[in-house]
Amino acid sequence: MKYIITGCAGFIGMHVAEEILKKGDKVLGFDTLNNYYSTKLKKKRLQILRKYKNFSFHKFDISNKKIINIFSKFRPHKTIHLAAFAGVRHSIKKPHDYINTNILGFLNILEGCRHSGCKHLIYASSSSVYGLNDNKIFSEKQICTTPLSLYGASKLSNEHMAHSYSHLFKIQTTGLRFFTVYGPWGRPDMALYIFTEAIQKRKPLPLFNSGKMSRDFTFIEDVVQSILKINYKKIIKKGKGIFKIYNIGRGEEIKLIDFIKEIEKNLGKKAKIKNLPMQAGDVKSSNANISNLFKDYKIKPKISYKLGIKKFVDWYLDYSN
Ligand SMILES: NC(=O)c1ccc[n+]([C@@H]2O[C@H](COP(=O)([O-])OP(=O)(O)OC[C@H]3O[C@@H](n4cnc5c(N)ncnc54)[C@H](O)[C@@H]3O)[C@@H](O)[C@H]2O)c1
């Protein structure tokens, strides 16, 4: 089987690509290795993938239309699209990045699938699509029309674009609404990395909305297992369910304060908390209803936040030394 995986030097992309490579499938990976965060970290992730003979890499920008020709030449059976500008906060400072990569880039991926005969496109959406809403638990059944950031808006647009391509060209598309993914090799712009670094280096820990926030944190191994099951298990019956959307979360809301306490415990150090106001574009809480994922794929997340934080802190200490 041949795969195209975009964003393969990214956090989730590297983990997913490695698991697929281990199975002996051929992977063509794309990434720009942009400097939104440490390119050193991205290159180190790439080194892990380069050990596999069945891996090849193109340093390529998906917003470049020429990617469609590469798809046509390579003819992937499946595409896992994870490249994106991912931060909510950066989308306020640099909105054009989100239109170029997340919207135009996504169109190129859809066109690539259309013209190469790719059978299944699995792509990253986000819990950010839920935006402003009164529900405590977010379900795929809700109609989402109120994203709070351009990032959320770009991911919601991707789902709409995918629907039209599934409908017009019979491409199977599965959108995954990830809920705060964390774990080893994680992103330095995300809370767990920022908090761990601040506590370890005894620096002030920036805590938005004075910590009155909670998140459904999803450990990377659970995310990878979900993607693999969705990838390998066939549930589509003739023409039915060709367009799908799933929440990928743990289904458990964790208070940010409890999350910090667990990091402190693992590092054996106290945080120096610096309270800050709520950030524009952010939501106060997120909690995924994951019953659809269980119904279709029997997927149940395994890793508790306590074990997940331990695994992350062990990796962080090793990596930063
Ligand atoms: N990590 C999370 O908690 C989370 C939550 C919700 C959604 N997501 C989505 O999951 C996907 C993967 O997220 P991640 O955490 O691994 O992010 P990441 O930033 O680590 O990975 C994205 C990768 O895409 C690459 N990239 C960006 N623009 C590109 C372009 N124009 N062409 C080619 N490559 C480009 C980046 O260099 C990066 O390596 C993203 O689509 C993100 O929006 C992630």
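Analyst: Let's pin down one term before we start: two residues are in contact if their C-beta atoms, placed from the backbone, lie within 7 Å. Keep in mind that this is a predicted model.

User: Okay, so which residues is Gly186 in contact with, once its neighbours within four places in sequence are left aside?

Analyst: On that 7 Å test, Gly186 touches Phe11, Leu192, Tyr193 and Phe312.

User: And where does Gly186 sit?

Analyst: You'll find Gly186 in the loop between strand E7 (181-182) and H7.

User: How do you know whether Gly186 is buried or exposed?

Analyst: Count the C-beta atoms around it. Gly186 has 22 C-beta neighbours inside 10 Å. The cut-off for buried is 20 or more, so Gly186 counts as buried.

User: How are helix H7 and helix H9 packed?

Analyst: H7 (residues 191-200) and H9 (residues 256-267) have axes 10 Å apart, at an angle of about 45°.

User: What makes H7 oblique to H9?

Analyst: Roughly parallel needs an angle under 35 degrees, and roughly perpendicular needs 65 to 115. An angle of about 45° fits neither range, so H7 is oblique to H9. As for handedness, the crossing of H7 and H9 is right-handed.

User: Which residues make that contact?

Analyst: H7 brings Phe195, Thr196, Ile199 and Gln200, while H9 brings Ile260, Ile263, Glu264 and Leu267. Sorted by class, the H7 contact with H9 has 5 nonpolar, 2 polar and 1 charged residues.

User: At what angle do helix H1 and helix H2 cross?

Analyst: H1 (residues 11-22) and H2 (residues 39-50) cross at roughly 5°, and their axes come within 10 Å.

User: Why is H1 called roughly parallel to H2?

Analyst: The limit for that label is an angle under 35 degrees. Roughly 5° passes, so H1 is roughly parallel to H2. The contact is built from Met14, Ala17, Glu18 and Leu21 of H1 plus Arg45, Ile48 and Leu49 of H2. Those break down into 5 nonpolar, no polar and 2 charged residues.

User: Zooming out, what does the domain assignment give?

Analyst: The assignment gives domain 1 (2-182 + 217-248) and domain 2 (191-215 + 252-285 + 303-320). Their C-alpha centres lie 26 Å apart.

User: How many residues of domain 1 and domain 2 are in contact?

Analyst: Across that boundary, 12 residues of domain 1 are in contact with 12 residues of domain 2. Helix H4 (90-93) and helix H8 (220-232) each supply at least two residues on the domain 1 side. By class, that side has 6 nonpolar, 3 polar and 3 charged residues.

Notes
Residues numbered from 1 in each chain as written. Predicted model: local features only at pLDDT ≥ 70, side-chain atom pairs only at ≥ 80, totals over all residues. Domains from an automatic or database assignment. Helix = DSSP H or I, 4+ residues; strand = E, 2+ residues; numbered from the N terminus. Nonpolar A, V, L, I, M, F, W, Y, C, P; charged D, E, K, R; others polar. Axes fitted to C-alpha atoms, helices over the stretch in contact; angles between N-to-C directions. Parallel < 35°, antiparallel > 145°, perpendicular 65-115°, else oblique. Left-handed = near helix turned anticlockwise from the far one by under 90°. Buried ≥ 20, exposed ≤ 12 C-beta atoms within 10 Å, placed from the backbone.
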